[in-house]
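User: I am new to this structure and would like to be walked through it. Please show it, and explain each term as it comes up.

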Amino acid sequence: MFKGLLIGMNKKELKAEYKANKDFYTNIDIGNGWIYKTDLSNMFIDSKTGLKGIYFFLKGTRLSGVGYQNTRNALEMTRQFFEEIGYIVFYENEYWNLPLNFSSTYGLIMTDKDKTKIVHLFPTKAPGNPNSHTPGLILYEYKIFMDSYKKRLKTIEEKKKNAGF
């Protein structure tokens with residue numbers, strides 16, 4: 001999925017891989033001035049099926065964020081990075097790069113050409129400063145994301161049908 005972090009890894013396997021290659025996972029330079037990182041607390045792990053996804057954040061922004069304009073810039077440049085390596089847009093919310101307007105479940109969803117990976121880009125709040133914005137980036141295995149996406153669409157359709165309007 002991402003370097004040595006593989007779908008299905010359990011916590012023990014993830015911890016060993018992360019510890020062995022921590023420098024890589026904490027300095028992911030995408031070549032446009034923005035450096036992402038992840039850590040063990042940002043791994044989406046299911047107790048039965050293991051690793052399902054990885055959340056990345058800009059290095060040095062967890063506590064303070066980067067503000068509105070830098071969040072927009074980072075999201076746009078990150079999109080450009082993924083487009084340049086062959087990812088294509090699957091879904092694009094109108095406000096995917098506007099921190100003050102964004103209030104959706106999905107921002108910008110892109111898939112690699114082989115449909116094995118999904119990246120989800122969106123503006124979010126910095127955990128250490130809820131008044132400051134920062135970009136979010138999640139990497140999923142394609143099938144895991146699509147199963148969840150289709151399930152959510154089905155739930156929404158059922159609610160529409162049962163709403164009584």
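Analyst: A salt bridge here is a side-chain nitrogen of Lys or Arg within 4 Å of a carboxyl oxygen of Asp or Glu. This is a predicted model, in which local features need pLDDT of at least 70 and side-chain atom pairs count only at pLDDT 80 or more, while totals for chains, interfaces and linings use all residues. Residues are numbered from 1 along each chain as its sequence is written, and side-chain values use heavy atoms, with hydrogens and water left out.

User: With which residue of strand S5 does Arg79 form a salt bridge?

Analyst: Arg79 lies in helix H3, where helices (H or I, at least four residues) and strands (E, at least two) are DSSP runs numbered from the N terminus. The closest N and O atoms of its salt bridge to Glu92 are 3.0 Å apart. Because Arg79 lies in helix H3 and its partner in strand S5 (residues 88-92), the pair ties together parts that are 13 residues apart in sequence, and the partner is Glu92.

User: Is Arg79 buried or exposed?

Analyst: Buried means under 20% relative accessible area, exposed over 50%, and partly exposed in between, using a 1.4 Å probe and protein chains only. Arg79 has a relative accessibility of 15%, so Arg79 counts as buried.

User: Which residues are linked with Arg79 in a network of salt bridges?

Analyst: Arg79 also forms a salt bridge with Glu83, the closest N and O atoms being 2.9 Å apart. Both of these residues lie in helix H3, four residues apart, about one turn of the helix. In the network, Arg79 is linked with Glu83 and Glu92.
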